[in-house]
Amino acid sequence: MHYPHVCRARFVARPNRFVARVALPDGTEQVVHVKNTGRCRELLVPGAPVYLAESGNPLRKTRYDLIAVEKGPLLVNLDSQAPNRVFAEWAQAGGFRPGLTLLRPETRWGNSRFDFYWEDADGAKGFVEVKGVTLEEGGHARFPDAPTQRGVKHLEELLRCRRQGYEAAVCFVVQMSGMADFAPNDATHPAFGEALRRAAAGGVAILARECAVTPDTLTLTRPVAVRL
């Protein structure tokens with residue numbers, strides 16, 4: 001995926017989870033929309049280089065979206081909508097499962113809504129949940145960066161689908177590159193790690209893939225080892 005009209009700035013402050021103040025190269029400050037409502041405390045620190053995509057919508061209150069941040073040598077994409085988009089691009093190109101005949105986003109099943117429903121030429125059917133990963137600790141990718149009961153519920157629902165005869169998977173899209181592995185962040189939310197291990201034991205596929213990140217592009221690339 002590609003972002004048009006990207007520029008570099010410096011992070012100043014985050015008054016709330018929806019907006020941030022940044023300093024543009026000319027020294028002026030702008031209030032920008034943050035495309036990630038998570039905490040991102042280890043990323044959005046004063047003075048951090050960030051990247052902004054111009055919205056192109058003259059009716060918006062904010063001219064720019066904050067889409068990426070530098071953390072030392074790492075460039076981390078922060079767009080919470082990007083993981084689903086790059087997963088769809090990858091799956092439609094045959095990366096997720098060859099022979100797909102249908103890939104439908106935002107599909108209801110019972111009382112659940114999954115990121116994707118798919119069918120293939122052999123008659124198999126399944127559901128996928130996609131999770132964006134922005135937390136890095138010493139070269140290791142971790143999820144979540146804050147407790148997520150919604151994430152636990154998604155795993156329980158995928159396990160229920162698997163028991164009903166569907167294929168089921170959760171794909172962790174690591175929004176940076178060069179990670180040694182991926183693991184649940186048990187220190188922050190042990191219940192999520194426990195749910196992930198239960199899902200894996202019940203036949204839910206646990207996938208992790210990292211991304212090639214530039215200031216204006218994001219591309220799903222190599223698999224990352226999953227440590228449960």
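Rings of Phe, Tyr and Trp, the last represented by its six-membered ring, are taken as a pair if their centres lie within 6.5 Å. In the predicted model described here, Phe87, Trp90, Phe96, Phe116 and Trp118 form one aromatic cluster. Two members of this cluster, Phe87 and Trp90, belong to the buried residues of helix α1 (residues 82-92). The other buried positions listed for this helix are Ala82, Pro83, Val86, Ala88 and Ala91. Just after α1, Gly94 adopts a positive phi of about 95°.

Over the whole structure, 14 aromatic pairs are found. One of them is formed by Trp109 and Phe127, with a centre-to-centre distance of 6.1 Å and an angle of 55° between the planes, a tilted arrangement. Trp109 is located in strand β7 (residues 100-109) and Phe127 in strand β9 (residues 125-133), so this pair ties together parts that are 18 residues apart in sequence. Both Trp109 and Phe127 are buried. A further pair consists of Phe172 and Phe192, whose ring centres are 6.3 Å apart; the planes meet at 85°, so the pair is edge-to-face. Phe172 is part of strand β12 (residues 167-174) and Phe192 is part of helix α3 (residues 190-201), and the pair links these distant parts of the chain, 20 residues apart. Phe172 counts as buried because its relative accessibility is 0%, and a value of 0% likewise places Phe192 among the buried residues.

Strand β9 also contains Lys131. With a relative accessibility of 9%, Lys131 counts as buried. The side chains of Lys131 and His154 are joined by a polar contact of 2.5 Å. When neighbours within four places in sequence are left aside, the contacts of Lys131 are Phe143, Gly151, His154, Val170, Cys171, Phe172 and Val173. One of these, Phe172, lies in strand β12 and takes part in the pair with Phe192.

Another residue in contact with Lys131, Phe143, precedes a cis peptide bond: the bond from Phe143 to Pro144 has omega near 5°. Pro144 is placed in the loop between β11 and α2 (149-163).

Strand β11 (residues 140-143) runs antiparallel to strand β10 (residues 135-137), and three bridges join the two strands. Across this pairing, Glu137 stands opposite His140 of β11. The hairpin of β10 and β11 has two residues between the strands, and Gly138 in this hairpin takes a positive phi near 60°. Strand β11 is also paired with strand β13 (residues 181-184), in this case in parallel and through four bridges. Within the parallel pairing, Ala141 has Phe182 of β13 as its bridge partner.

No disulfides are present, the computed total being zero. Cys40 is in no disulfide, and the nearest cysteine sulfur, that of Cys211, is 15 Å away. Cys40 is nevertheless a buried residue, with a relative accessible area of 1%. For Cys211, the closest cysteine sulfur is that of Cys171, at 8.9 Å; a disulfide requires sulfur atoms within 2.5 Å, so this separation is too far for a bond. Cys211 is buried as well, at 0% relative accessibility. Cys171 is also one of the residues in contact with Lys131.

The backbone of Cys40 has a positive phi of about 50°, although this residue is not a glycine. Cys40 is situated in the loop between β3 (29-34) and β4 (49-54). His5, also not a glycine, has a positive phi of about 55°. His5 belongs to the segment before β1 (6-16). The relative accessible area of His5 is 60%, and His5 is therefore exposed, whereas Cys40 is buried.

An unreviewed UniProt entry lists residues 12-77 under "domain: SfsA N-terminal OB". In the model, this span is 0% helix and 52% strand, and its end C-alpha atoms lie 18 Å apart.

Methods
Residues numbered from 1 in each chain as written. Predicted model: local features only at pLDDT ≥ 70, side-chain atom pairs only at ≥ 80, totals over all residues. Heavy atoms only, no water. Buried < 20%, exposed > 50% of the residue type's maximum accessible area, 1.4 Å probe, protein only. Phe/Tyr/Trp six-rings, centres within 6.5 Å; stacked < 30°, edge-to-face > 60°. Pairing = 2+ DSSP bridges. UniProt positions renumbered as here; feature names shortened; annotations may be inferred. Polar contact = N/O pair within 3.5 Å; in protein donor to acceptor, adjacent residues only side chain to side chain. Contact = heavy atoms within 4.5 Å.
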